[in-house]
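Please read the points below alongside the model. They take one helix as their starting place and move from there to the packing and the cysteines.

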Amino acid sequence: MNAPIGVFDSGIGGLTVAKEIMRESLVYFGDTARVPYGSKSKNTVCKYSKQIAKFLLTQDVKAIVIACNTASALAREELEDMVDVPVIDVVQPGARMAA
C-alpha cells in the first residue's frame, strides 16, 4: 500500500521519530497549539488524540504513530479501538527493552 504513515506529537519532538521513518511517505501533525500534553488530564489528551487521529485518517494513512509519550501512555488503547489502521506508540518498545 502506498498510503502515508500518520505521525503525531504534542509538539515537535516527534520529528526524531519521523526522521527514522522518512523512507516512507508520511503526514506529520505537531500539535504546538496545545503543547505540552504532560500537564493535561487523561480525558483531554484522549480528546486531542482522537481529533488528530480523525484528521490523519482523512489523509488516508496506513498507520498512525503516536510520537508523544503522554498520548502513547494515555490514549493508545482508545485510538486502537477507534481506527482501522495499526497504532504504534513510543512507550511500548522502550518498556520492552527495559524489561
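1. The buried residues of α3 are Ala-71, Ser-72, Ala-75, Arg-76 and Leu-79, and since this is a predicted model, the burial of these side chains should be read as a property of the prediction. The helix α3 runs over 69–82 and has 14 residues, with a reach of 19 Å from its first C-alpha to its last, which is close to the 20 Å expected at 1.5 Å a residue. A bend of about 65° is nevertheless assigned to α3 at Ala-75, a residue that is itself listed among the buried ones of this helix.

2. Ala-71 deserves separate mention, for, with neighbours within four places in sequence left aside, Ala-71 is in contact with Phe-8, Tyr-37, Val-45, Ser-49, Ile-66 and Arg-76. The largest nonpolar core has 17 residues, and those that touch the most other members are Phe-8, Tyr-37, Leu-56, Ile-64, Ile-66 and Ala-71. At least two residues of this core come from each of α2 (42–58), β3 (63–66) and α3 (69–82), with α2 giving the most, namely five residues. A second core, separate from this one, consists of five residues, including Ile-5, Val-7, Ala-63 and Ala-67.

3. Is Met-82, which lies in helix α3, buried, partly exposed or exposed? Met-82 has a relative accessible area of 31% and is therefore partly exposed, as this value lies between the 20% and 50% limits. Not counting residues up to four places away in sequence, Met-82 touches Lys-50, Ala-53 and Lys-54. Ile-21, by contrast, is 61 residues from Met-82 in sequence and 24 Å away in space, C-alpha to C-alpha.

4. The structure holds zero disulfides. Cys-46 is in no disulfide, and the nearest cysteine sulfur to that of Cys-46, belonging to Cys-68, is 11 Å away. Why is Cys-68 not bonded to Cys-46? The sulfur of Cys-68 has its closest cysteine sulfur in Cys-46, and because the two are 11 Å apart, they are too far for a bond; the cut-off for a disulfide is 2.5 Å.

5. Both of these cysteines should also be considered in terms of accessibility. Cys-46 has a relative accessibility of 4% and so counts as buried, and Cys-68, at 4% relative accessibility, likewise counts as buried.

How values were computed
Residues numbered from 1 in each chain as written. Predicted model: local features only at pLDDT ≥ 70, side-chain atom pairs only at ≥ 80, totals over all residues. Heavy atoms only, no water. Core = buried A, V, L, I, M, F, W, Y, C linked by side-chain atoms within 4.5 Å. Buried < 20%, exposed > 50% of the residue type's maximum accessible area, 1.4 Å probe, protein only. Helix = DSSP H or I, 4+ residues; strand = E, 2+ residues; numbered from the N terminus. Contact = heavy atoms within 4.5 Å. Expected span 1.5 Å × (residues − 1). Bend = angle between axes of the 7 residues up to and from the residue.
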